[in-house]
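Here are some short exercises to work through with the sequence and the 3D view side by side. Try each task yourself before reading its solution.

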Amino acid sequence: SSLRRWRILSLAAPSSGLQVMLDQREYPFSLKVESPLSHRDIMAFMKDHYAGTEFDMTQGVLAGPYSSPFRVNGGPKPMGAVPRGIFSFVTAYSTITQTGPSKSVLWYAPDAPATSVYF
């Protein structure tokens with residue numbers, strides 16, 4: 001969704017001042033990152049729930065129980081759907097591939113990125 005794309009781009013280049021747009025085709029194809037990204041940065045991106053933004057999934061009536069970012073996804077078709085975070089609590093696993101000239105590494109998390117560890 002456009003909200004998830006906005007968040008990833010704004011995390012990679014915070015000073016870009018990128019605004020949320022409804023049509024994700026309006027976002028730039030890419031942005032120059034402000035500093036090199038490590039595998040730990042990408043892991044943090046995967047766990048993000050819009051903390052500190054107006055879309056923070058732990059705040060307001062759309063937050064999960066006890067201010068948890070885990071809330072029910074979707075909604076009735078005529079009403080539309082509630083946007084979800086970068087992660088989803090129903091994710092079975094996630095992977096991050098790190099490549100380089102000397103070696104490649106696959107980081108694996110056996111559950112949703114927000115509640116799992118990568119090894």
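## Exercise 1: two neighbours in a loop

Ser67 sits in the loop between helix 2 and strand 1. Bear in mind throughout that this is a predicted model.

**Task.** Find what sign the phi angle of Ser67 has, and work out how exposed this residue is. Then treat Tyr66 in the same way.

**Solution.**
1. Ser67 is not a glycine, yet its phi is positive, at about 60 degrees.
2. With a relative accessibility of 47%, Ser67 counts as partly exposed, because the exposed class begins over 50%.
3. Tyr66 belongs to the loop between helix 2 and strand 1. Its phi is positive too, at about 55 degrees, although Tyr66 is not a glycine.
4. The relative accessible area of Tyr66 is 85%, which makes it exposed.

## Exercise 2: salt bridges

**Task.** How many salt bridges does a search of the whole structure find? For the one formed by Arg7, name the partner and explain what the pair ties together.

**Solution.**
1. The search finds 2 salt bridges.
2. Arg7 pairs with Asp48 through their side chains, with 2.8 Å from N to O.
3. Arg7 lies in helix 1 (residues 2-12), while Asp48 lies in the loop between helix 2 (39-47) and strand 1 (94-98), so this salt bridge ties together parts 41 residues apart in sequence.
4. Now check the accessibility: Arg7 is buried at 9%, and Asp48 is buried at 10%.
5. The other pair to look up is Arg25 with Asp23, whose closest N and O atoms are 3.0 Å apart. Here Arg25 is exposed, with 72% relative accessibility, and Asp23 is partly exposed at 24%.

## Exercise 3: contacts of a helix residue

**Task.** Is Ser2 buried or exposed, and which residues does Ser2 contact beyond its neighbours within four places in sequence?

**Solution.**
1. Start by placing Ser2: it lies in helix 1.
2. Its relative accessible area is 13%, so Ser2 is buried, the limit being under 20%.
3. Leaving aside neighbours within four places in sequence, Ser2 is in contact with Met21, Leu22, Asp23, Gln24 and Tyr27.
4. One of these contacts, Asp23, is also the salt-bridge partner of Arg25.

## Exercise 4: the strand pair and its hairpin

**Task.** In which sense do strand 1 and strand 2 pair, and how many residues does the hairpin between them use?

**Solution.**
1. Strand 1 pairs with strand 2 (residues 105-109) in the antiparallel sense, over 5 bridges.
2. Within this pairing, Ile96 stands opposite Trp107 of strand 2.
3. The hairpin connects the two strands through 6 residues.
4. Pro101 is in the loop between strand 1 and strand 2 and is exposed at 93% relative accessibility.
5. Take the C-alpha atoms of Pro101 and Val61: they are separated by 48 Å, for residues 40 apart along the chain.

## Exercise 5: a surface patch and confidence

**Task.** Which residues form a nonpolar patch on the surface, and what pLDDT does the protein average?

**Solution.**
1. The patch is formed by Tyr93, Tyr108, Val117 and Phe119, which together have about 450 Å² of accessible area.
2. Phe119 lies in the segment after strand 2, where it is exposed at 57% relative accessibility.
3. The protein averages a pLDDT of 88, and 92% of the residues score at least 70.

Notes: Residues numbered from 1 in each chain as written. Predicted model: local features only at pLDDT ≥ 70, side-chain atom pairs only at ≥ 80, totals over all residues. Heavy atoms only, no water. Salt bridge = Lys/Arg side-chain N within 4 Å of Asp/Glu carboxyl O. Helix = DSSP H or I, 4+ residues; strand = E, 2+ residues; numbered from the N terminus. Buried < 20%, exposed > 50% of the residue type's maximum accessible area, 1.4 Å probe, protein only. Pairing = 2+ DSSP bridges. Contact = heavy atoms within 4.5 Å. Patch = residues over 30% accessible without salt bridge, like charges linked within 9 Å, V, L, I, M, F, W, Y side chains within 5 Å. Areas by Shrake-Rupley, 256 points an atom, 1.4 Å probe, with all protein chains shown as cover. pLDDT = per-residue confidence, 0-100.
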